[in-house]
Amino acid sequence: MVALISTIAWLVPAFPLLGFLITGLAKNRLKNNQAGIIASTLVSFSFITAVILFFSLRSSGQDSVTVTLFNWISAGDLKIPFAFLIDHLSITMMLIVTGVGALIHIYSIGYMHGDERVNSFFAQMNLFTFSMLLLVMGANYLILFIGWEGVGFCSYLLIGFWFKNPAFNYAARKAFVMNRIGDLGFILGIILLFFTFKSVSFTEVFAQAGTLQAGAPLITLITILLLVGAVGKSAQIPLYTWLPDAMAGPTPVSALIHAATMVTAGIYMIARSSILYNLAPITLNIMIGLGLATAIFAAVIGLRQNDIKKVLAYSTVSQLGYMFLALGLGAYSSAVFHLTTHAFFKALLFLGAGSIIHAMGGEQDIRKMGGLRKKMPVTYFTFLAATLAISGIPPFSGFFSKDLILTKAFENNPVLYVLALGGALITCFYMFRLLYLVFFGDQRLSSAHPHESPRVMTIPLIILSILSVFGGFLNIPELFGGKSGLGEFLHSAIISKVTEELAGSTEIGLIISSLALLGLIILLAYRTYVKKAIIPAEDSKSLSSFSKAITNKFYIDEIYTALFERPFGFLSDFFFYNVENKVLDAAVDGIGTATSRLGGLARKLQAGNMSFYLFAMVGGILLFIIFILIV
Amino acid sequence: MILLIILLLPIVTGLFLLLLRNPATVRIIALTSAIVNLLITLGLIISVPSASYTVNWSHFMGTQFSLGFDGISLIMILLTNLLFPFIILSGFTRAHIKIPVLNFLILFTQSALLGVFLAQNAFLFYIFWELTLIPVYFILLLWGGENRRAITLKFFIYTLTGSLFLLFGIIYLFTLTPGIHTTDFSAFNQLHIPAATQTWLFWILFVAFAIKMPVFPFHTWQPSTYTMASKQGVMILAGVLTKMGIYGALRFLFPIVPQGVVYWQNTVIIMCLIGVVYASVIAFRQTNIKRLIAFSSMAHISLMAAAMFVLNYYSLQGLFFQVISHGVTIVALFYVVHLVQERTGTLELPQMGGLKHAAPNMAILLLIVVLGSIALPLTAGFVGEFLIITGLAQFSIWFAILGGSTMILGAIYMLYAYQRIMLGDINPAYIKVKDIRALDFFVLIPLIALILILGIYPQPILNLVEESVKAMQNLIPVN
């Protein structure tokens, strides 16, 4: 079985790479849906291979298999094989990436139909899948980093897919640059890891990690640097502002890259490094703070967004915050569990949103929608399932994963629990606000003729909704008679700091009270947006200053522009016009002029006679020869 | 013998070209000679572990016409002979006037450069060092753009001034050699110069190289020269000539004035790193694309210079890798930029935009080269910069952060430039622009293939310099 794994593991990333090459090189020849079919098929092949790997690993009796393809870089102590680590964590991620990825690819055949650059779209989606698979399969930090930067680049390409629009291009660059800020931290962390352990391979680093003392400055620094990378990639405070802007890309891109896979790379990386993080309590506390702050802050902004994709984007930022909270609490498997369920329901929400936007003829403003429930029943029911899942209503998947995190927060500190629960309630409110505004009431935009999307789009929705409903059963806690399947499964790859279990009557009390609150919130949203049919105000209408601040996302983008972007431009101009031209260049010219004025001879010869300088040079060489002869 | 062939093949071919009239024949012969030279070089690298060529040329001067190489010169020779076929090939586009003269000058430059890298004594080194200036001077002057007279003059005087310091330094070292004076590097390397002398001698020797690379604040000749230079001129300047500075510093500073290096190490590294940040920041707001790339090149070269002075195993491995990687990338970059200029008739970014609609293939190729330039993993640039940053981190984490800032700043200005050239709405002025043609494929595809191949499988280059890197490392007393 190990031999089988070693033989076929490379196929998982190779299929989408092949798809990229085919659709990319033949993009002028492929007609109709050919590119989409090729791309989807190859990602499906990847998924099938990942499933085979899953069963092979189970029956092999081993926890992990390392597959080395060739030596990438070998210089001194720095030996970096191009190798894959097939273990329970990477298989989980591979299944998510290829499974959800395949569904989104199939969906895109319908969604992108008729776009003039549809072949490029599928090439880029396949390249993304390839990079993402390198990221989750890499057996060392540097292979992970290849995928890490690769997905960042594909994200750049796909955000700016409709490159006619300068705002989209700006959003694409912003995403890449903010990611790169994180990446600098990440690569420095990797370099420090290398100097500390003389290796960057997961198995070797983690085997030696025990030699470090918990809380030592070095391990704290390393984990913080890795965290900087994760904060950039997974859109946490202060590097989250690129993710809402990333909604400029086609909606399937938002579903695949900016919800289900790429943005969770930071969570994956930290869960992968659980052994290191267990040694760094300070870093864990930072993550609790960052995660919780992001979860609540983004949720609050989500309350007043009226662009359907922006609501979902802030929701993603917020949910990623919950995952960071779980990581900070040392409950890494719980974070991966939430990552998994989130991949299902958030991909579903985005694809649903895509279906709605498709039906509304490109309209994204929820104030102009309404009444879509009857016109788009499949989209409605699947969207409802996802909304219930993200809100944490049992037995939908989000309930299990979110409550696990909330309980862990409670065990750590009741205050954390209250804050996290508050964020969950806000989540529930903005999601039902979205649901009610879009699907209930009357249709407000008369020009649109909404219709259900074609089956190539609705079937992925249905499959994802099944996953969103039942995905929680992957990890039913013992409290409900389950076995914590996923947590147990990940146990060999992730060393948790806390027991990732639910037990006791306190938890039951917490769950019941939080469910009661959720019920109230849904009722409140129903009364506001269905009963009273309140439609959020037009942009022009003046608001109270606090509401205005929320609507404007607390002006964070404007603050960043004022603090970083503009001064950077000024600095660039200042360096060029003042330092470069007025000081450095002027000084050189000044020296030149002064020298030439020193001697009358020089002045005579300087009258534009270029060849003199050549002559002088040759003369210099001759003088040199003469000098040597004399000495 | 083989070294003499490598050295003389270009110039002999070049002289022969002067007798010919037909531009097509001239180009084909020039290209053939460059390719043959590349093949010989590759053969040399594969077959011979070490070769040196020595002939008694002028024994009365205590100096010989001796050629030879080690890993460091080999990497430089490889770079030179790798790039010149492309530089010559890129001149196949339209009928220039004076094709024979142009190709003669290009081949002349190639020979002079090879001479610099092969010379085994300082005297010979200096002669070739100065000889490179002559053909480059004429290439810039005759085929340059706007303001070429003033700019070429400045370039010429600036570098010549640096060379005078070097000349002085060489003469001084010559007088220090025991017994019959000599300028052999091997003799120079044996000198035990007092530490106090080394501290000032360091700068005498370094200035010429600092100007040639160029390193902040000796760079002011470079942006305007690159901007004005013709396509082939700038490819020679940015691709190979800058590496002469690096090579010279490696040959003269570390073996001869090691204590001077240690004394000034921090100062020079900080100078270089200031250059990295300074040039990257300036690049952001440049409107002329060639000037922008000139500053970008300066940032990359500054990082390499910093790596040189950090002088540990990883920084040196990174440096040599980056010598090849930067050469290939910058030549490809300038080629595409000139392609854009030929199509749009401008170098000003604000006047460009939307070119991707008419020239999608050009956009893709430019994007890949840009990725190489901003060191995305699996391009050659990543391997080099990763090793360099690793080396910097071993020396000081702060230096690593400063040097690593190029990862962020490079992405900022390069992607902005790419957007301003290629993306945006359809530009009515460029609807009928022609996409890539066959010649462009012949130049760009091999270069891009190299960028990717070296990024995916960098080991041959790393192995090539392994021994030299270890030797270099031991030159400086560990402090």
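Which residues have the most contacts inside the largest nonpolar core? In this predicted model, local features need pLDDT of at least 70, side-chain atom pairs count only at pLDDT 80 or more, and totals for chains, interfaces and linings use all residues. Residues are numbered from 1 along each chain as its sequence is written, with chains lettered from A in the order in which they are written.

The largest nonpolar core (buried Ala, Val, Leu, Ile, Met, Phe, Trp, Tyr and Cys residues joined through C-beta atoms within 7 Å) has 423 residues, and those with the most contacts inside it are Leu325(A), Ala347(A), Ala306(B) and Val336(B). A residue is buried if 20 or more other C-beta atoms, placed from the backbone, lie within 10 Å of its own. The most is given to this core by α13(B), with 19 residues; helices are DSSP runs of H or I of at least four residues, and strands are runs of E of at least two, numbered from the N terminus. Leaving aside neighbours within four places in sequence, Ala306(B) is in contact (C-beta atoms, placed from the backbone, within 7 Å) with Ile269(B), Cys272(B), Leu273(B), Val276(B), Leu392(B) and Gly403(B).

Chain B comprises 19 helices and two strands. Of its 479 residues, 63% count as buried. The C-alpha trace of chain B spans about 75 × 55 × 45 Å along its principal axes.

The contact between the chains takes 52 residues from chain A and 49 residues from chain B. On the side of chain B that touches chain A, the largest share, ten residues, comes from α17(B).

Technical notes: Two residues are in contact if their C-beta atoms, placed from the backbone, lie within 7 Å. A residue is buried if 20 or more other C-beta atoms lie within 10 Å of its own, exposed if 12 or fewer, and partly exposed in between; C-beta atoms are placed from the backbone.
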